[in-house]
Amino acid sequence: MSPALLLNNGHIHSNEHRPDGFATNAIHVGSEPSQETGAVMPSIALSTTFKQDAVGVHKGYEYSRSGNPNRDAFEKAVASLESGKYGIAFASGSATTATVVQSLGPGAHVVAVNDVYGGTFRYLTRVASETQGLEVSFVDLETSSDEAILSSIRPNTKLVWIESPTNPTLRVIDVPDIIRLVHSHPSHPLVLVDNTFLSPFYSSPLLLGADIVMHSVTKYINGHSDVVMGVLVLPQRHVRLAERLRYLQNASGAIPSPFDCWLALRGVKTLPLRMKQHGLNALRIANRLLDSPYVEEVIYPGLIDASRHAIALASLSPHAAKFIDTLPADVVAHGVPYGGMVSFRIKGGEGAAEKFLTKTRLFTLAESLGGVESLAELPALMTHGSIPKEEREKIGITDDLIRLSIGCEEVEDLIDDIDQALAAAVAQSTSLVDDLTVKKAHAAAIVHHINGVHPLHA
Ligand SMILES: Cc1ncc(COP(=O)(O)O)c(C=O)c1O
């Protein structure tokens with residue numbers, strides 16, 4: 001590696017002063033060889049406390065809740081990938097959400113996209129509303145007019161919460177347009193983008209003007225389904241807010257462990273490689289599903305014929321746009337890679353959907369997403385099972401909707417797996433009615449048992 005200079009913003013500048021690219025930053029930022037031992041990979045700093053040479057004189061660390069070398073390294077890396085200045089890592093995506101909402105103080109109002117992640121919905125409506133008198137309006141940020149969006153903003157609106165594409169129907173929000181609109185309002189709310197589904201590879205909300213980016217690191221950033229963590233990234237102009245968030249985090253102790261930070265930093269190094277493969281595989285699978293006689297509808301915003309394809313394309317990050325530019329014409333003939341999530345409606349209804357999910361060999365039936373392994377789930381009974389059926393169907397979460405988290409396996413193997421599971425499921429779905437009735441009753445009992453609150457994992 002040629003000598004390089006690490007700048008304050010976390011980016012590495014080479015001697016030629018050309019900023020390093022996304023993949024270079026993913027591998028090098030936060031992972032500088034140890035000054036002390038020369039170790040190329042950072043060691044794990046498990047110590048909870050740090051020696052002071054005199055009172056208050058130390059090497060930047062006092063107590064591991066307030067700061068830890070592995071957490072710092074991970075935060076620096078993610079901040080550079082999101083083109084931000086301040087990264088703040090948390091114990092989970094949900095702890096990240098809670099801390100942002102706490103920072104708004106009492107009596108604030110939040111506008112959130114109407115099919116926001118279920119755990120975020122739960123925190124806003126069932127926790128913050130009780131503990132800090134938070135008011136929330138859920139707005140369809142995909143189809144509402146500018147006037148409707150502006151009129152949802154009140155004098156006490158402190159934050160607009162965007163997620164795009166939404167889960168599991170992958171509705172695409174016009175992020176730059178919403179940011180422009182919200183910032184034009186005299187209440188000056190902050191705009192936060194939950195960038196979990198696209199990862200910093202496909203989307204760079206701070207470059208589009210967002211004030212805060214958040215991730216459930218549990219998903220693509222870590223990428224190996226073995227860490228639960230969250231992160232926030234803020235631009236330089238929000239130094240005071242970043243300090244406040246850190247203060248709250250230290251006060252509540254919502255911190256990730258050094259080992260999780262170390263694992264997540266290892267995940268970051270391969271984020272661009274993984275995201276390219278997730279996207280290429282997802283595009284191939286979306287096209288295959290389009291051709292299947294067993295499928296009613298395919299939802300993947302990367303497909304040319306997807307209703308919001310142009311909007312998805314327009315807000316791609318510069319590095320994703322560059323990647324797509326290098327792809328051969330036959331790969332992008334019917335669409336472009338746009339993350340690794342694909343949803344589809346199977347013919348034959350819920351019976352066929354359940355059968356499909358037990359017939360796959362490589363796709364594991366499980367909640368969550370973003371790991372290198374492919375997963376499949378039935379949102380109506382799993383991740384979104386606590387939403388009443390009528391409400392679910394209004395937002396497109398029908399009983400035949402299957403969500404796939406496309407992994408990085410050989411795409412031909414994944415396609416074969418889907419083909420055989422579809423054939424088995426749709427051909428045999430009618431014989432499943434009795435079995436299905438039993439399963440539905442069982443699922444309803446579980447949801448009832450946990451008092452209407454589903455785990456809402458992903
Ligand atoms: C979009 C999104 N945001 C936030 C979260 C919460 O993250 P965590 O499970 O790490 O608490 C999730 C989890 O599935 C998610 O999908």
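Two strands are taken to pair if DSSP finds at least two bridges between them. In this predicted model, an open sheet of five strands follows the order β10-β11-β14-β13-β12, and its pairing is mixed. Strands β10 (295-299) and β12 (364-365) stand at the edges of the sheet, and because each has a single partner strand, one side of each is left without a neighbour. Strand β12 runs parallel to β13 (residues 375-377), to which two bridges join it, and within this pair T364 stands opposite L375 of β13. Helix α13 (residues 349-359) packs on the sheet, where it touches β11 (341-346), β12, β13 and β14 (401-405), and the direction of the helix makes about 130 degrees with that of β11.

The largest nonpolar core comprises 120 residues, and those with the most contacts inside it are I162, L192, L232, A264 and Y300. Helix α10 (residues 271-291) gives the most to this core, contributing seven residues, while at least three residues are drawn from each of domain 1 (41-269) and domain 2 (271-449). When its neighbours within four places in sequence are left aside, A264 is in contact with F74, V217, I221, N222, V227 and M229.

A further site of interest for description is H109, which lies in strand β4 (residues 109-113). With 20 other C-beta atoms within 10 Å, H109 is classed as buried, the criterion being 20 or more such atoms. Although H109 and E135 are 26 residues apart in sequence, their C-alpha atoms are 4.5 Å apart in space. Beyond its neighbours within four places in sequence, H109 is in contact with E135, R154, N156, T157 and K158.

Key: Residues are numbered from 1 along each chain as its sequence is written. This is a predicted model: local features need pLDDT of at least 70, side-chain atom pairs count only at pLDDT 80 or more; totals for chains, interfaces and linings use all residues. Helices (H or I, at least four residues) and strands (E, at least two) are DSSP runs, numbered from the N terminus. Two residues are in contact if their C-beta atoms, placed from the backbone, lie within 7 Å. Axes are lines fitted to C-alpha atoms, for helices over the stretch in contact, and angles run from 0 to 180 degrees between N-to-C directions. A nonpolar core is a set of buried Ala, Val, Leu, Ile, Met, Phe, Trp, Tyr and Cys residues joined through C-beta atoms within 7 Å. A residue is buried if 20 or more other C-beta atoms lie within 10 Å of its own, exposed if 12 or fewer, and partly exposed in between; C-beta atoms are placed from the backbone. Domain bounds come from an automatic or database domain assignment.
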